[in-house]
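Biologist: Before going further, please take me through this model one feature at a time. Keep each answer short and end on what was asked for.

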Amino acid sequence: MDGFIGEFFGTAILILLGAGTGAGINLNKTYAKGSSWLFVCLSWGMAVTMGVYVAGLLGSDGHLNPAVTIPFAIFGLFPWNEVLPYLAGQFLGAFCGAALVMVAFGAHFKETKGEENGNTVGIFATMPAIKSPLFNFLSEVIATFGFVFILLNLGNFTTGLKPLVVGFLIFVIGTGLGTTTGFAINPARDWGPRFAYTVLPVPNKGSAHWDYAWVPMCGPLVGGFIAAALETAIH
């Protein structure tokens, strides 16, 4: 149960702060409207840091990401009996974190009419800069491979200052590889908020673009699998 609780609250914090950043830069009449990509990457990095700290204190390993949990289990780095509680915590936490952002920015959603003005699923989930399914998929595979491979060589990343290191890792993944697809690198981080945007009564919202959603689901899982396979082969 600790695993579920830690992953739920850790992922909720991750999305609350990360999607909150997305709302701030996209919605009308916020102080952060139009902020830079550097701002986005730093904010998401710190969102992950805070999520990992919360998750670790509440008893989980701070995965916050099925592309970490599932490959770790496949290669014997994480017990299979913990996988479902972790995944449930991650997806439900992401949904709830997104719902809180919708409440916090309710007045700004009302002031932002339609996708062309910034009321887009991109606040909560990822969309590609250029829609090219194969290359979008490969971008997510490569970015997640880099993320998980480095993560595997950090040891226990919930202790001491290591969550801060993970945040800086997210930051450099975002600046180095994230400009093509918005660096989902995490199916729960994308699908939980995307589903929330679909089903909750967000004023003036646009399309959730589920036709693209297979990319942030499949790409990270493949990238995480390759990273865990390589790490296992090396050791």
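Biologist: Which residue meets Lys29 in a salt bridge?

Modeller: This is a predicted model, so only side-chain atom pairs at pLDDT 80 or more count here. The closest nitrogen and oxygen of the pair are 3.2 Å apart, and the cut-off for a salt bridge is 4 Å. The partner of Lys29 is Glu111.

Biologist: How many residues apart in sequence are the parts that Lys29 and Glu111 tie together?

Modeller: Lys29 sits in the loop between H1 and H2. Glu111 belongs to the loop between helix H5 (106–110) and H6, so the salt bridge links two loops. The separation in sequence is 82 residues.

Biologist: Is Lys29 buried or exposed?

Modeller: The relative accessibility of Lys29 is 64%. The class "exposed" applies over 50%. Glu111, at 40%, counts as partly exposed, whereas Lys29 is exposed.

Biologist: How many salt bridges does a search of the whole structure find?

Modeller: One of them joins Lys29 and Glu111. Another is formed by Asp211 and Lys131, and Asp190 meets Arg194 in a further one. The search of the whole structure gives three.

Biologist: What is the distance between the closest N and O atoms of Asp211 and Lys131?

Modeller: Asp211 lies in the loop between H8 and H9 and Lys131 in the loop between H5 and H6, so the pair connects parts 80 residues apart in sequence. Asp211 is partly exposed at 48% relative accessibility, and Lys131 is exposed at 52%. The closest N and O atoms of this pair are separated by 2.4 Å.

Biologist: In which helix do Asp190 and Arg194 lie?

Modeller: The side chains of Asp190 and Arg194 form a salt bridge with an N to O distance of 2.9 Å. Both residues are buried. They are four residues apart, about one turn of the helix, and that helix is H8.

Biologist: Which residues have the most contacts inside the largest nonpolar core?

Modeller: In soluble globular proteins, nonpolar side chains tend to be buried together. The largest such core here has 50 residues. Elements that give two or more residues to this core include helix H1 (2–26), helix H4 (83–104), helix H6 (133–152) and helix H9 (214–234). The residues with the most contacts inside the core are Phe124, Phe147 and Leu151.

Biologist: Leaving aside neighbours within four places in sequence, which residues of helix H8 (187–199) are in contact with Phe124?

Modeller: The contacts of Phe124 include Ala19, Ala98, Val101, Met102 and Phe109. The others on its list have numbers inside the range 187–199 of helix H8. They are Arg189, Pro193 and Tyr197.

Biologist: What separates the C-alpha atoms of Phe137 and Val222?

Modeller: Phe137 is placed in helix H6 and is buried, with a relative accessible area of 18%. Leaving aside neighbours within four places in sequence, Phe137 is in contact with Trp214, Val215, Cys218, Gly219 and Val222. Phe137 and Val222 are 85 residues apart along the chain, and their C-alpha atoms are separated by 9.5 Å.

Biologist: Which element gives the most residues to the lining of the largest pocket?

Modeller: The volume of the largest pocket is about 320 Å³. Of its 16 lining residues, the closest to the centre are Ile25, Asn26, Trp37, Gly122 and Ala125. The elements that give two or more residues to the lining are H1 and H2. With four residues, the element that gives the most is H1.

Biologist: How many residues in the lining of the second largest pocket are charged?

Modeller: The second largest pocket holds about 210 Å³. Among its 13 lining residues, the closest to the centre are His63, Phe72, Gly155, Asn156 and Phe157. The lining also has six nonpolar and five polar residues, and the charged ones number two.

Biologist: What is the phi of Ile185?

Modeller: Ile185 lies in the loop between H7 and H8 and is buried, with a relative accessible area of 4%. Ile185 is not a glycine, yet its phi is positive, at about 45°.

Biologist: In which loop does His209 lie?

Modeller: His209 has a positive phi near 55° and is a residue other than glycine. Its relative accessible area of 22% makes it partly exposed. His209 is in the loop between H8 and H9.

How values were computed: Residues numbered from 1 in each chain as written. Predicted model: local features only at pLDDT ≥ 70, side-chain atom pairs only at ≥ 80, totals over all residues. Heavy atoms only, no water. Core = buried A, V, L, I, M, F, W, Y, C linked by side-chain atoms within 4.5 Å. Buried < 20%, exposed > 50% of the residue type's maximum accessible area, 1.4 Å probe, protein only. Contact = heavy atoms within 4.5 Å. 1 Å grid on protein atoms, 1.4 Å probe; cavity = no way out; pocket = protein on both sides within 12 Å on 5 of 7 lines; lining within 4 Å. Points joined across faces, edges and corners; volume = space filled by probe spheres on them. Nonpolar A, V, L, I, M, F, W, Y, C, P; charged D, E, K, R; others polar.
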